[in-house]
Protein chains: 2
Amino acid sequence: MPVELTPSQALGLWHTVSLEQVRVDGRDLTLRQMAILLQIYLVPPPHTVRGLAATLGVTKPVITRALDSMGALGLVDRARDDRDRRNVVIKRTVDGALYLEKFGDLIIDQGRKQPK
Amino acid sequence: MPVELTPSQALGLWHTVSLEQVRVDGRDLTLRQMAILLQIYLVPPPHTVRGLAATLGVTKPVITRALDSMGALGLVDRARDDRDRRNVVIKRTVDGALYLEKFGDLIIDQGRKQPK
DNA sequence: AAAAAAAGAAACGCTTGCGTAACGGTGCGC
DNA sequence: GCGCACCGTTACGCAAGCGTTTCTTTTTTT
(Lines give C-alpha, C1' and ligand atoms only; values in the text may rest on other atoms or scores of the structure.)
Protein backbone atom coordinates (compact mmCIF):
# COMPACT_ATOMS: atom_id res chain seq x y z
CA MET A 1 0.00 0.00 0.00
CA PRO A 2 1.77 3.11 -1.23
CA VAL A 3 1.79 6.53 0.39
CA GLU A 4 -0.52 8.87 -1.48
CA LEU A 5 0.25 12.54 -1.00
CA THR A 6 -1.10 15.76 -2.43
CA PRO A 7 1.50 18.34 -3.46
CA SER A 8 0.55 20.43 -0.47
CA GLN A 9 0.92 17.49 1.88
CA ALA A 10 4.25 16.43 0.40
CA LEU A 11 5.90 19.83 0.80
CA GLY A 12 4.09 20.49 4.06
CA LEU A 13 5.42 17.29 5.51
CA TRP A 14 8.95 18.08 4.46
CA HIS A 15 8.54 21.58 5.78
CA THR A 16 7.40 20.72 9.28
CA VAL A 17 9.84 17.85 9.67
CA SER A 18 12.78 19.97 8.53
CA LEU A 19 11.72 22.79 10.78
CA GLU A 20 11.43 20.59 13.81
CA GLN A 21 14.70 18.86 13.04
CA VAL A 22 16.51 22.19 12.76
CA ARG A 23 15.03 23.43 16.00
CA VAL A 24 15.63 20.33 18.06
CA ASP A 25 18.69 18.55 16.76
CA GLY A 26 22.02 20.25 17.09
CA ARG A 27 23.78 17.64 15.00
CA ASP A 28 22.63 19.05 11.71
CA LEU A 29 23.58 16.25 9.33
CA THR A 30 23.92 17.20 5.71
CA LEU A 31 21.54 15.73 3.18
CA ARG A 32 24.31 13.45 1.98
CA GLN A 33 25.06 12.21 5.46
CA MET A 34 21.39 11.55 6.09
CA ALA A 35 21.10 9.63 2.84
CA ILE A 36 24.11 7.51 3.78
CA LEU A 37 22.79 6.86 7.25
CA LEU A 38 19.40 5.77 5.97
CA GLN A 39 21.00 3.59 3.33
CA ILE A 40 23.04 1.82 5.98
CA TYR A 41 20.09 1.22 8.26
CA LEU A 42 17.35 0.49 5.75
CA VAL A 43 19.17 -1.65 3.22
CA PRO A 44 20.47 -5.13 4.18
CA PRO A 45 24.21 -5.30 4.82
CA PRO A 46 27.00 -5.58 4.01
CA HIS A 47 27.79 -1.97 3.16
CA THR A 48 31.13 -0.85 1.83
CA VAL A 49 32.58 2.54 1.03
CA ARG A 50 32.68 1.72 -2.63
CA GLY A 51 29.12 0.46 -2.65
CA LEU A 52 27.78 3.51 -0.88
CA ALA A 53 29.69 5.80 -3.20
CA ALA A 54 28.16 4.09 -6.22
CA THR A 55 24.66 4.16 -4.75
CA LEU A 56 24.86 7.82 -3.84
CA GLY A 57 26.64 8.82 -7.01
CA VAL A 58 29.49 10.48 -5.14
CA THR A 59 33.21 9.88 -4.77
CA LYS A 60 34.74 7.61 -2.18
CA PRO A 61 36.32 10.34 -0.04
CA VAL A 62 32.86 11.77 0.45
CA ILE A 63 31.81 8.50 2.04
CA THR A 64 34.96 8.21 4.12
CA ARG A 65 34.48 11.69 5.51
CA ALA A 66 30.80 11.18 6.19
CA LEU A 67 31.64 7.99 8.07
CA ASP A 68 34.27 9.89 10.02
CA SER A 69 31.75 12.52 11.08
CA MET A 70 28.93 10.15 11.83
CA GLY A 71 31.31 7.76 13.54
CA ALA A 72 32.37 10.56 15.87
CA LEU A 73 28.71 11.03 16.70
CA GLY A 74 28.38 7.32 17.39
CA LEU A 75 25.86 6.82 14.62
CA VAL A 76 27.89 4.24 12.67
CA ASP A 77 30.93 2.06 13.12
CA ARG A 78 33.57 0.54 10.85
CA ALA A 79 35.47 -2.72 10.79
CA ARG A 80 37.83 -4.42 8.38
CA ASP A 81 36.38 -7.24 6.38
CA ASP A 82 38.28 -10.38 7.36
CA ARG A 83 37.38 -12.21 4.18
CA ASP A 84 38.87 -9.48 2.03
CA ARG A 85 40.99 -7.17 4.07
CA ARG A 86 40.84 -4.42 1.53
CA ASN A 87 37.21 -3.87 2.32
CA VAL A 88 35.72 -2.03 5.23
CA VAL A 89 32.28 -3.08 6.35
CA ILE A 90 30.10 -0.39 7.84
CA LYS A 91 28.29 -1.43 10.96
CA ARG A 92 25.20 -0.11 12.65
CA THR A 93 25.20 1.07 16.24
CA VAL A 94 22.61 1.23 18.96
CA ASP A 95 22.84 5.00 19.02
CA GLY A 96 22.32 5.15 15.28
CA ALA A 97 19.25 2.95 15.45
CA LEU A 98 17.87 5.10 18.24
CA TYR A 99 18.55 8.25 16.30
CA LEU A 100 16.65 7.00 13.28
CA GLU A 101 13.85 5.66 15.38
CA LYS A 102 13.35 9.08 16.90
CA PHE A 103 13.55 10.64 13.49
CA GLY A 104 10.95 8.25 12.13
CA ASP A 105 8.63 9.16 14.95
CA LEU A 106 9.08 12.80 14.06
CA ILE A 107 8.06 12.13 10.48
CA ILE A 108 5.02 10.16 11.59
CA ASP A 109 3.97 12.88 14.03
CA GLN A 110 4.31 15.61 11.47
CA GLY A 111 2.50 13.51 8.91
CA ARG A 112 -0.48 13.30 11.20
CA LYS A 113 -0.51 17.07 11.44
CA GLN A 114 -0.72 17.60 7.70
CA PRO A 115 -4.14 18.89 6.65
CA LYS A 116 -5.77 17.50 3.61
CA MET B 1 -7.18 14.12 6.38
CA PRO B 2 -3.78 13.48 7.89
CA VAL B 3 -0.95 11.44 6.45
CA GLU B 4 -0.74 8.08 8.17
CA LEU B 5 2.66 6.41 7.95
CA THR B 6 4.19 3.30 9.38
CA PRO B 7 7.72 3.65 10.80
CA SER B 8 9.06 1.77 7.83
CA GLN B 9 7.23 3.98 5.40
CA ALA B 10 8.30 7.16 7.14
CA LEU B 11 12.00 6.36 7.06
CA GLY B 12 11.73 4.70 3.68
CA LEU B 13 10.19 7.80 2.21
CA TRP B 14 12.89 10.02 3.65
CA HIS B 15 15.50 7.57 2.45
CA THR B 16 14.47 7.39 -1.17
CA VAL B 17 13.76 11.10 -1.45
CA SER B 18 17.14 12.02 0.06
CA LEU B 19 18.88 9.53 -2.15
CA GLU B 20 17.27 10.83 -5.30
CA GLN B 21 17.86 14.42 -4.30
CA VAL B 22 21.55 13.74 -3.69
CA ARG B 23 21.88 11.98 -7.00
CA VAL B 24 20.03 14.49 -9.12
CA ASP B 25 20.43 17.93 -7.60
CA GLY B 26 23.85 19.48 -7.57
CA ARG B 27 22.71 22.39 -5.44
CA ASP B 28 22.82 20.45 -2.21
CA LEU B 29 20.96 22.81 0.11
CA THR B 30 21.57 22.30 3.79
CA LEU B 31 18.71 21.26 6.02
CA ARG B 32 18.51 24.78 7.36
CA GLN B 33 18.36 26.30 3.92
CA MET B 34 15.66 23.87 2.92
CA ALA B 35 13.66 24.70 6.03
CA ILE B 36 13.95 28.40 5.28
CA LEU B 37 12.97 27.94 1.67
CA LEU B 38 9.91 25.91 2.58
CA GLN B 39 8.93 28.40 5.25
CA ILE B 40 9.08 31.21 2.72
CA TYR B 41 7.00 29.40 0.14
CA LEU B 42 4.49 27.60 2.33
CA VAL B 43 3.69 30.23 4.93
CA PRO B 44 1.89 33.45 3.94
CA PRO B 45 4.12 36.50 3.65
CA PRO B 46 5.56 38.81 4.71
CA HIS B 47 8.78 37.14 5.79
CA THR B 48 11.60 39.00 7.46
CA VAL B 49 15.06 38.00 8.56
CA ARG B 50 14.11 38.43 12.17
CA GLY B 51 10.92 36.43 11.80
CA LEU B 52 12.65 33.54 10.08
CA ALA B 53 15.40 33.53 12.68
CA ALA B 54 12.82 33.25 15.44
CA THR B 55 10.89 30.53 13.66
CA LEU B 56 13.97 28.45 12.96
CA GLY B 57 15.53 29.10 16.33
CA VAL B 58 18.77 30.42 14.85
CA THR B 59 20.58 33.74 14.82
CA LYS B 60 19.99 36.44 12.26
CA PRO B 61 23.29 36.08 10.41
CA VAL B 62 22.37 32.50 9.67
CA ILE B 63 19.31 33.74 7.83
CA THR B 64 21.20 36.49 6.05
CA ARG B 65 23.78 34.04 4.78
CA ALA B 66 21.21 31.50 3.73
CA LEU B 67 19.39 34.20 1.80
CA ASP B 68 22.66 35.20 0.19
CA SER B 69 23.30 31.65 -0.97
CA MET B 70 19.78 30.93 -2.12
CA GLY B 71 19.55 34.35 -3.69
CA ALA B 72 22.62 33.53 -5.76
CA LEU B 73 20.82 30.41 -6.90
CA GLY B 74 17.79 32.46 -7.83
CA LEU B 75 15.56 30.70 -5.33
CA VAL B 76 14.61 33.80 -3.34
CA ASP B 77 14.83 37.56 -3.61
CA ARG B 78 15.04 40.47 -1.18
CA ALA B 79 13.63 43.95 -1.12
CA ARG B 80 13.53 46.75 1.42
CA ASP B 81 10.23 47.29 3.14
CA ASP B 82 9.03 50.78 2.21
CA ARG B 83 6.78 51.04 5.24
CA ASP B 84 9.65 50.37 7.62
CA ARG B 85 12.91 50.72 5.86
CA ARG B 86 14.78 48.77 8.50
CA ASN B 87 13.04 45.62 7.39
CA VAL B 88 13.81 43.44 4.43
CA VAL B 89 10.97 41.48 2.97
CA ILE B 90 11.89 38.18 1.42
CA LYS B 91 10.26 37.55 -1.91
CA ARG B 92 9.54 34.40 -3.80
CA THR B 93 10.82 33.83 -7.30
CA VAL B 94 9.63 31.84 -10.27
CA ASP B 95 12.72 29.66 -10.10
CA GLY B 96 12.14 28.99 -6.44
CA ALA B 97 8.54 27.98 -7.00
CA LEU B 98 9.65 25.69 -9.80
CA TYR B 99 12.32 24.17 -7.65
CA LEU B 100 9.88 23.32 -4.89
CA GLU B 101 7.31 22.08 -7.33
CA LYS B 102 9.82 19.63 -8.70
CA PHE B 103 10.83 18.65 -5.22
CA GLY B 104 7.21 18.07 -4.24
CA ASP B 105 6.77 15.82 -7.25
CA LEU B 106 9.80 13.85 -6.14
CA ILE B 107 8.29 13.30 -2.71
CA ILE B 108 4.99 12.22 -4.21
CA ASP B 109 6.69 9.83 -6.61
CA GLN B 110 8.78 8.26 -3.88
CA GLY B 111 5.78 8.06 -1.62
CA ARG B 112 3.98 5.95 -4.20
CA LYS B 113 6.93 3.60 -4.28
CA GLN B 114 6.86 2.91 -0.55
CA PRO B 115 5.66 -0.60 0.22
CA LYS B 116 3.26 -1.17 3.02
C1' DA C 1 16.38 67.26 19.13
C1' DA C 2 18.96 63.68 21.48
C1' DA C 3 19.27 59.15 22.96
C1' DA C 4 17.95 54.54 22.90
C1' DA C 5 16.35 50.61 20.38
C1' DA C 6 15.73 47.67 16.37
C1' DA C 7 16.76 45.38 11.85
C1' DG C 8 19.76 43.62 8.79
C1' DA C 9 24.41 43.26 6.98
C1' DA C 10 29.43 42.89 7.31
C1' DA C 11 33.69 41.40 9.55
C1' DC C 12 36.37 38.11 12.11
C1' DG C 13 38.40 33.64 12.99
C1' DC C 14 37.12 28.92 12.96
C1' DT C 15 35.27 24.49 11.55
C1' DT C 16 33.62 21.33 8.18
C1' DG C 17 32.81 19.55 3.70
C1' DC C 18 34.36 19.32 -1.20
C1' DG C 19 37.08 17.50 -5.49
C1' DT C 20 41.32 16.00 -7.12
C1' DA C 21 45.30 13.62 -6.64
C1' DA C 22 48.44 10.80 -4.40
C1' DC C 23 49.30 7.00 -1.01
C1' DG C 24 49.69 2.37 1.68
C1' DG C 25 47.72 -2.09 2.26
C1' DT C 26 45.54 -6.23 0.09
C1' DG C 27 44.29 -9.71 -3.35
C1' DC C 28 44.98 -12.00 -7.77
C1' DG C 29 46.77 -13.46 -12.41
C1' DC C 30 50.84 -14.62 -14.55
C1' DG D 1 57.39 -13.99 -6.59
C1' DC D 2 55.97 -9.86 -9.26
C1' DG D 3 53.34 -6.71 -11.21
C1' DC D 4 48.83 -4.82 -11.46
C1' DA D 5 44.32 -3.72 -10.19
C1' DC D 6 41.46 -2.69 -6.25
C1' DC D 7 39.88 -0.57 -1.73
C1' DG D 8 39.80 2.78 1.53
C1' DT D 9 42.28 6.65 3.43
C1' DT D 10 45.01 10.78 3.57
C1' DA D 11 46.74 15.21 1.84
C1' DC D 12 46.02 19.54 -0.35
C1' DG D 13 43.95 23.83 -1.48
C1' DC D 14 39.45 25.75 -1.66
C1' DA D 15 34.65 27.03 -0.81
C1' DA D 16 30.83 27.49 2.39
C1' DG D 17 28.65 27.64 6.85
C1' DC D 18 28.93 28.90 11.79
C1' DG D 19 28.83 31.99 16.15
C1' DT D 20 30.07 36.25 17.91
C1' DT D 21 30.78 40.86 17.55
C1' DT D 22 30.58 45.24 15.34
C1' DC D 23 28.55 48.56 12.17
C1' DT D 24 24.97 51.29 9.46
C1' DT D 25 20.64 52.72 8.76
C1' DT D 26 16.14 53.66 10.34
C1' DT D 27 12.61 54.11 13.77
C1' DT D 28 10.91 55.01 18.27
C1' DT D 29 11.10 57.10 22.72
C1' DT D 30 11.61 60.83 25.80
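Two exercises with worked solutions follow, one on DNA strand D and one on a helix of chain B.

This is a predicted model, in which local features need pLDDT of at least 70, side-chain atom pairs count only at pLDDT 80 or more, and totals for chains, interfaces and linings use all residues. Residues are numbered from 1 along each chain as its sequence is written, chains are lettered from A and ligands numbered from 1 in the order in which they are written, and side-chain values use heavy atoms, with hydrogens and water left out.

**Exercise 1.** Describe the protein surface near DNA strand D, where near means a heavy atom within 4 Å.

*Solution.* Begin with the count: 20 residues surround DNA strand D, the closest being A:R50, A:K60, A:T64, B:R32 and B:Q33. Sugar and phosphate make up 69% of the strand's atoms that come within 4 Å of the protein. Next, look at single phosphate oxygens: one is 2.8 Å from an N or O atom in the side chain of A:R78, while a backbone N or O atom of B:R85 lies 3.1 Å from a phosphate oxygen. Finally, turn to the helices (DSSP runs of H or I, at least four residues), among which α4(B) gives the largest share of this surface, 4 residues.

**Exercise 2.** Check the length of helix α5 (residues 94-112) of chain B, and find what its buried residues pack against.

*Solution.* The expected span is 1.5 Å times one less than the number of residues. The 19 residues should therefore span 27 Å, which agrees with end C-alpha atoms 27 Å apart. The buried residues (under 20% relative accessible area, 1.4 Å probe, protein chains only) include B:Y99, B:F103 and B:I107. The buried residues of α5(B) pack (heavy atoms within 4.5 Å) against α1 (7-24) of chain A together with α1 (7-24) and α2 of chain B.

Definitions and conventions:
A residue is near a molecule or strand if one of its heavy atoms lies within 4 Å of it. A polar contact is a pair of N or O atoms within 3.5 Å; within protein, one must be able to donate a hydrogen and the other to accept it, and residues adjacent in sequence count only if both atoms are side-chain atoms. Helices (H or I, at least four residues) and strands (E, at least two) are DSSP runs, numbered from the N terminus. Buried means under 20% relative accessible area, exposed over 50%, partly exposed in between (1.4 Å probe, protein chains only).
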